[in-house]
Amino acid sequence: MPHRAPGASGTPASSYLTGKPIRYYRPKGSPDIRQLIDEGFQAFNAARLGEACRIYTDKMLLPEHDTTIGLTVAGALTPAGLGGCMVELMERGLVDFVISTGANLYHDLHYALNFTLHRGSPFVNDVELYEEGVIRIYDVLFPATVLLRTDEYIRDFLVRWGMNGPVSTAELHYALGRDLIERQPGCEAYSVVAAAAACGVPIYTSSPGDSSIGMNIAYHELINDSRLMIDPNKDVNEVCAFILAGKKNGCVILGGGSPKNFYLQGQPTLWEVYGIPKGGNDFFIQITTDQVVWGGLSGATPAEAVSWGKVNPGVLPDTCVTYADSTIAFPLFCEYAVASTHNRRPRKELVHKRDALVAALKDEAMRARRDEPEPADVLDTMPDLERHR
């Protein structure tokens, strides 16, 4: 154990760890919740949540739209048990790819490895927690040994994997998920990383060094002289390729932050950088506690995104921002979706189509380059967004 690890080996179980275990919640499709949202959520942000639910179920999920749906995840949602909702959507084909903070994926591994996180209180003595070897995420409590043993698993996986070159984060997470399924049979029922691998759903991390997974990859390079490297260029091109290939495109954004922008930048990348006039997103749903007045991306509205070519101006009625805590709103959103008529779709399994779709993106970009206008006509390359109404 590292010399500064909280607590010491042999420390008796802390009284702080007596709360109920946090379990991954899997929505069942409650008709009562659907009725509550349709009939009881009538105004303010309750109504906005109902609007988001109906945009998702009545428009994004229509079979004739064949929408390619990206889910972005920021905030400590997997420690709170919301990974089960993500698993349910992936298994049903209701989410085609995910962009998450690395922390959410790292803490998901605790569940896959059968470690226990406990319900607790945010009003505790953190000095005592440190002395007793207990980690706190607001009111989620767990032993520091969970971190150390999860880190050990990641390092051992990297050695087993043997990859020694640049990879996208989707390739990393797919290999990690397959390893979990092999070593922890059945964990795909409650682990986001494992379920994504089983369902063919690629998972990206927009800031791969900003999490314990990235920290252990850095260790692998330093200590084992590995040449494994996360290549963000691969991530950018793969996400752009998914968007380009989509008949329609839509997003469900939890929180905001870097995952939100990493998804939304795909549309400007196509028209601004590659000269491909794809048009903006057709559907936009966000659940956030951030506000537009602070000027940050997390609070930016879909209307603001129109000026960037991220959202089609002709589809603003099919966009919605719900100002609410995702740990409250997202389980309700998922219950509504699972109870809807279009609650299952064929999975796109994009994780297996990445190379082909990136090749198609390159071909399209090369054609656009050959047809590149004179500098005076550069504004004509901006997407004809109205054409995509």
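A residue is taken as buried when its relative accessible area is under 20%, as exposed when that area is over 50%, and as partly exposed in between. In the predicted model described here, Glu91 has a relative accessible area of 26% and is therefore partly exposed. Arg26, at 19% relative accessibility, counts as buried. These two residues form a salt bridge in which the closest N and O atoms are 2.8 Å apart. The pair links distant parts of the chain, since Glu91 belongs to helix H3 and Arg26 to the segment before helix H1 (31–40), with the two positions 65 residues apart in numbering.

The protein chain as a whole contains 15 helices and 11 strands. Of its 389 residues, 52% count as buried. Among contacts between residues at least 6 apart in sequence, 80% join residues at least 24 apart.

Helix H3 spans residues 83–91, and 8 of these 9 residues are buried, so the helix is largely enclosed by the rest of the structure. The buried positions are Gly83, Gly84, Cys85, Met86, Val87, Glu88, Leu89 and Met90. Their packing partners are three helices and two strands: helix H2 (44–60), helix H8 (192–199), helix H14 (326–338), strand E1 (67–73) and strand E2 (97–100). After H3 comes Gly93, which has a positive phi, near 75 degrees.

A search of the whole structure finds 12 salt bridges. Side chains of opposite charge can pair when their charged atoms come close. In addition to the pair of Glu91 and Arg26, a salt bridge joins the side chains of Arg92 and Glu88, with an N to O distance of 2.8 Å. Both Arg92 and Glu88 are buried. A further salt bridge, at 2.7 Å from N to O, is made by the side chains of Asp126 and Arg136. Asp126 lies in helix H5 (residues 126–132) and Arg136 in strand E4 (residues 134–137), so this pair ties together parts that are 10 residues apart in sequence. Asp126 is partly exposed, with a relative accessible area of 37%, and Arg136 is also partly exposed, with a value of 31%. Salt bridges with shared partners connect Arg26, Glu88, Glu91 and Arg92 in one network.

Helix H10 (residues 232–245) packs against helix H15 (residues 354–370) at an angle of about 80 degrees, and the two axes are 8 Å apart. The angle makes H10 roughly perpendicular to H15. On the H10 side, the contact involves Asn237, Glu238, Cys240, Ala241, Phe242, Leu244 and Ala245, which meet Arg354, Leu357, Val358, Leu361 and Glu364 of H15. The residues of this contact comprise 8 nonpolar, 1 polar and 3 charged.

The largest nonpolar core has 73 residues, and those with the most contacts inside it are Tyr56, Val98, Leu180, Phe330 and Phe333. When residues up to four places away in sequence are not counted, Phe333 touches Leu49, Ala52, Cys53, Tyr56, Val252 and Ile285. Another core, of 25 residues, lies apart from the largest one and has Ala170, Tyr263, Leu270 and Ile276 among its members.

Key: Residues numbered from 1 in each chain as written. Predicted model: local features only at pLDDT ≥ 70, side-chain atom pairs only at ≥ 80, totals over all residues. Heavy atoms only, no water. Buried < 20%, exposed > 50% of the residue type's maximum accessible area, 1.4 Å probe, protein only. Helix = DSSP H or I, 4+ residues; strand = E, 2+ residues; numbered from the N terminus. Contact = heavy atoms within 4.5 Å. Axes fitted to C-alpha atoms, helices over the stretch in contact; angles between N-to-C directions. Parallel < 35°, antiparallel > 145°, perpendicular 65-115°, else oblique. Nonpolar A, V, L, I, M, F, W, Y, C, P; charged D, E, K, R; others polar. Salt bridge = Lys/Arg side-chain N within 4 Å of Asp/Glu carboxyl O. Core = buried A, V, L, I, M, F, W, Y, C linked by side-chain atoms within 4.5 Å.
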